[in-house]
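Dear colleague,

I am passing on to you the structure shown below. My notes on it follow.

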Amino acid sequence: MPVLLRGLVLPVLADPVPRGAVVVEDGVITYVGPASRAPHLTGEVTEVDAGDGAVVPGMIDAHVHLVADGAADFAGSVVRSSTEQLAARAAANARRTLAAGTVAVRDLGAPDGIAISLGQQVAAGRVPGPEVTAAGRALTAPGGHIPYLGVEVQGPAELAAAARTELTAGAGGVKLVATGGVLTPGSALGNAPFAEDELAAAAAVARAQGRWVAAHAIGHEGTKRALRAGATSVEHGYLLDDETVALMATTGAVLVTTQVAVARMLRNRDLVDPAVVARAEEIRDVAVASLRRAARAGIPIAGASDAGTPFNPHGGVAEEAALLVADIGLTTAQALRAVTATAASCLLRPDLGHLSVGAPGHVVVTGADPLDDVTALTDVRTVVLGGRLVDIPERTT
Ligand SMILES: [Zn+2]
């Protein structure tokens, strides 16, 4: 049945349309423009009036971990669960993500092919959820960050082979853990555990197949190596210096910010490992300066949630958009773009994240105008996925 959405329309890649309309037929957007000129639809039509809200593209989250749901002990919650438990949790997280208005995610690390297979099940229409592109297992060095979401590898040949294994299993790209991380004890953020040729070997395999290369990248040295090796996105980017930002501008890599993960963890600091809290506090302020530096240089920014990390349940990418405005100084329009079109570019999905004729019918209605107050993105009233209305359960949080 066709869907007709009316109200303020924010196409993202085109100017806002007050008193606009979006029409979705057979799963595809067939009209975006003034309501007065919308095509006449015959037969039964699902009509949605945005009222004081806005019609926007479904959001895209470029960095999530579907197998984890925000437990205080991130590693333990993964290590102590069976594959069946992790798969069930991932499916529940996918439903939650979709209900919050996120229509596509990129999973950057999960064991046992769980996120890959969830993506395949969603695509086949067997389970509800956002579109999923997944890295499969993250490639990390022996003793490196997030081994429980990845595989420990060393040497160019092993990295290339591991990248090939994940891509053959259905991964949409490769995740390289190029530096230490906040959540792994003993993993200094400045660590650069892989040599450039190791990173380049894995990246070359992915790029030769036209896939994305996401680099977990915090410290300068590892970030630079990953960029020179061919990373298509820098994840987190808490410690970017001018030289690294200049390198990003040259390579065209997208910066994927995950400030919401730090903010939510610090909001629950009493319940998190004190060593992890200390490290998160240490980077919070420098991270703001780092991300502002990148924003000023015009680096494309995708907002992401890093959902699954402590006290960071899925569906929170809208909160990242709010932090991009409040802390990094983006305009509301830039922040909306960060969680829609720019995030879609990380997934190599230029067809997503904007309202255009011919694009998939993934459309969201918010309770207010996000260009006026970007936190409106956290107030999603209607979700249309592929032209079908999604059931939004009662909010429990
Ligand atoms: Zn992550």
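At roughly what angle do the axes of α8 and α10 cross, and within what distance do they come? In this predicted model, the two axes cross at roughly 95° and come within 8 Å. Helices α8 and α10 are therefore roughly perpendicular to each other, since angles from 65 to 115 degrees are classed in that way. On the α8 side the meeting residues are Gln259, Val260 and Ala263, and their counterparts in α10 are Glu319, Glu320 and Leu323.

Helix α10 merits a further remark. It spans residues 317-326, and nine of its 10 residues are buried, so the helix is largely enclosed by the rest of the structure. The buried positions are Val317, Ala318, Glu319, Glu320, Ala321, Ala322, Leu323, Leu324 and Val325; Glu319 and Glu320 thus appear both among these buried residues and among those that meet α8. The cover over the buried residues of α10 includes the strands β5 (59-64), β6 (102-107), β13 (254-257) and β14 (301-303), together with the helices α8 (259-267) and α11 (332-338).

A second helix pair is formed by α2 (residues 83-99) and α3 (residues 114-123), whose axes lie 10 Å apart at an angle of about 50°. These helices are therefore oblique to each other, and their crossing is right-handed. From α2, the contact involves Thr83, Leu86, Ala87, Ala90, Ala91 and Ala94, while α3 contributes Ile114, Ala115, Leu118 and Val122.

Turning to the overall organisation, the domain assignment gives domain 1 (3-57 + 353-389) and domain 2 (59-346). Taken over C-alpha atoms, the centres of the two domains are separated by 29 Å. Their contact takes 18 residues from domain 1 and 22 residues from domain 2. On the domain 1 side, β4 (46-57) and β16 (380-385) each supply at least two of the residues that touch domain 2, and β16 gives the most, with three residues.

Finally, the nonpolar interior. The largest nonpolar core has 142 residues, and those with the most contacts inside it are Val22, Val55, Leu176, Ala202, Ala321 and Val339. At least three residues of this core come from each of domain 1 and domain 2. One of the residues with the most contacts, Ala321, is also a buried residue of α10. Another, Leu176, is in contact with Leu139, Leu199, Ala202, Val213, Ala215, His216, Ala226 and Ala231, when neighbours within four places in sequence are left aside.

Yours sincerely

Key: Residues numbered from 1 in each chain as written. Predicted model: local features only at pLDDT ≥ 70, side-chain atom pairs only at ≥ 80, totals over all residues. Core = buried A, V, L, I, M, F, W, Y, C linked by C-beta atoms within 7 Å. Buried ≥ 20, exposed ≤ 12 C-beta atoms within 10 Å, placed from the backbone. Domains from an automatic or database assignment. Contact = placed C-beta atoms within 7 Å. Axes fitted to C-alpha atoms, helices over the stretch in contact; angles between N-to-C directions. Helix = DSSP H or I, 4+ residues; strand = E, 2+ residues; numbered from the N terminus. Parallel < 35°, antiparallel > 145°, perpendicular 65-115°, else oblique. Left-handed = near helix turned anticlockwise from the far one by under 90°.
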